[in-house]
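This report looks at the backbone and the strand arrangement of one protein model. Please keep the sequence and the coordinates at hand while reading.

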Amino acid sequence: MTTDSTGASSQSSRTDPSCQNGSAPPVTTAAQAAWYHEHAGVQRQVTRDLAAEAFATFEVLGDARAAPVLELGCGTGFLTAHLPPERVFATDLSPGMIAQARAALPAHQFAVADIEDPSLNQPPASFLLPPSNPPSSAGDLPSSTCHLPAQRPWSLAISSSALHWIVPFERAANRLFELAPSIAIAIMLDGTLGKLHAAREAVAPEKSARAVLPTAVDAARSLRHAGFSHVVCRIQTYRQTYKDAWELFTDLNRSGLTGSGSVLSPEELRSMAKYLEQGPLKNPEKSRAIEAEYRVGFFFGKVVKEL
């Protein structure tokens, strides 16, 4: 299982942007990481919103007595920058992403690691672990005593725009349950970049992209089934406008956001651009500007033992 912030595998084509789902790219070079860091505006906004809600919900983020916090799929550090360096250990599968994050946030601790990496079963020695001290919460989650088994080294697992790439999502939920008793995650949901997928389906139905993103219902069900007895979810749609389809295609490709489906031909890409810019009625007077939508689910959960 891979848990970086990267969207598709490094084997994916970089000429076909049409099956993208809005996570960070499979970065292999410093230049690609730098481009993503400067241009991934939606992902940056999602991390700001997640950080604000996580601080309002979980006191452990600022509690020096609690076990440390594990960030999964940190990318270039969008979310990490909002977290206290003495409390968080940030990981990503992509060395390029980690190098960019380390350069930007030298006070934080980072590691190249997959979610299933056994090293995550214990925090680094640099974190001084206190005696077991269950985290408390506020906000929408029930005010019960959190159950923190000794084998769970992290007080909270947090992740933005990364875990939706683990298929099926149940695998991510089960691993989260092994790592921490509380979670704060934001994932892209089914429906993200829906106009792009609809255009691909209309132009080249035999090359339909493989659907990988979970629905909000399925993700919440997976988290509860894994063992998080209280899960709160909200859904938000983020929008980004491009002057034309080619600007969208270029942005996705330069960021490395390519899909895993069959590669479209140049003619098919031109047809997709026309479909997106003019719509099914092909109105020549309609603006060529298009709007990309990212449907994001915010999930906050914990394992509790009732008093």
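## The loop before helix H5

Leu193 is found in the loop that connects strand E6 (182-188) with helix H5 (194-203). In this predicted model, the phi angle of Leu193 is near 50°, which is a positive value in a residue other than glycine. Leu193 has a relative accessibility of 3% and therefore counts as buried, the cut-off being under 20%.

## The loop between E5 and H4

Ser161 also shows a positive phi, near 55°, and is again a residue other than glycine. Ser161 belongs to the loop between E5 and H4, and with a relative accessible area of 4% this serine is buried, because the value is under 20%.

The loop between strand E5 (156-160) and helix H4 (169-179) also holds Pro168. The peptide bond that leads from Val167 into Pro168 is cis, with an omega near -5°.

## The open sheet

How are the strands of the sheet ordered? The sheet is open and has 7 strands in the order E3-E2-E1-E5-E6-E8-E7, with mixed pairing. Strand E3 (109-112) and strand E7 (230-242) each have a single partner strand and stand at the edges, so one side of each is left without a neighbour in the sheet. On average, and with direction ignored, neighbouring strands of this sheet are turned by 20° against each other.

Helix H4 packs on this sheet, where H4 touches E1, E5 and E6, and the direction of the helix makes about 155° with that of E6. Within the sheet, strand E1 (residues 69-72) and strand E2 run parallel and are joined by 4 bridges. For Glu71, the bridge partner in E2 is Ala90.

## A buried aspartate in E2

Strand E2 (residues 88-92) also includes Asp92. Which side chain of opposite charge is nearest to Asp92, and how far away is that side chain? The nearest one is Arg102, at 11 Å, and Asp92, although buried, has no salt bridge.

A polar atom of the Asp92 side chain does, however, lie 2.9 Å from the backbone nitrogen of Ser94. For the side chain of Asp92, the description thus pairs the absence of a salt bridge with this separation of 2.9 Å from a backbone nitrogen, that of Ser94.

How values were computed
Residues numbered from 1 in each chain as written. Predicted model: local features only at pLDDT ≥ 70, side-chain atom pairs only at ≥ 80, totals over all residues. Heavy atoms only, no water. Helix = DSSP H or I, 4+ residues; strand = E, 2+ residues; numbered from the N terminus. Buried < 20%, exposed > 50% of the residue type's maximum accessible area, 1.4 Å probe, protein only. Lys, Arg positive; Asp, Glu negative; His and termini not counted. Salt bridge = Lys/Arg side-chain N within 4 Å of Asp/Glu carboxyl O. Polar contact = N/O pair within 3.5 Å; in protein donor to acceptor, adjacent residues only side chain to side chain. Pairing = 2+ DSSP bridges. Axes fitted to C-alpha atoms, helices over the stretch in contact; angles between N-to-C directions. Contact = heavy atoms within 4.5 Å.
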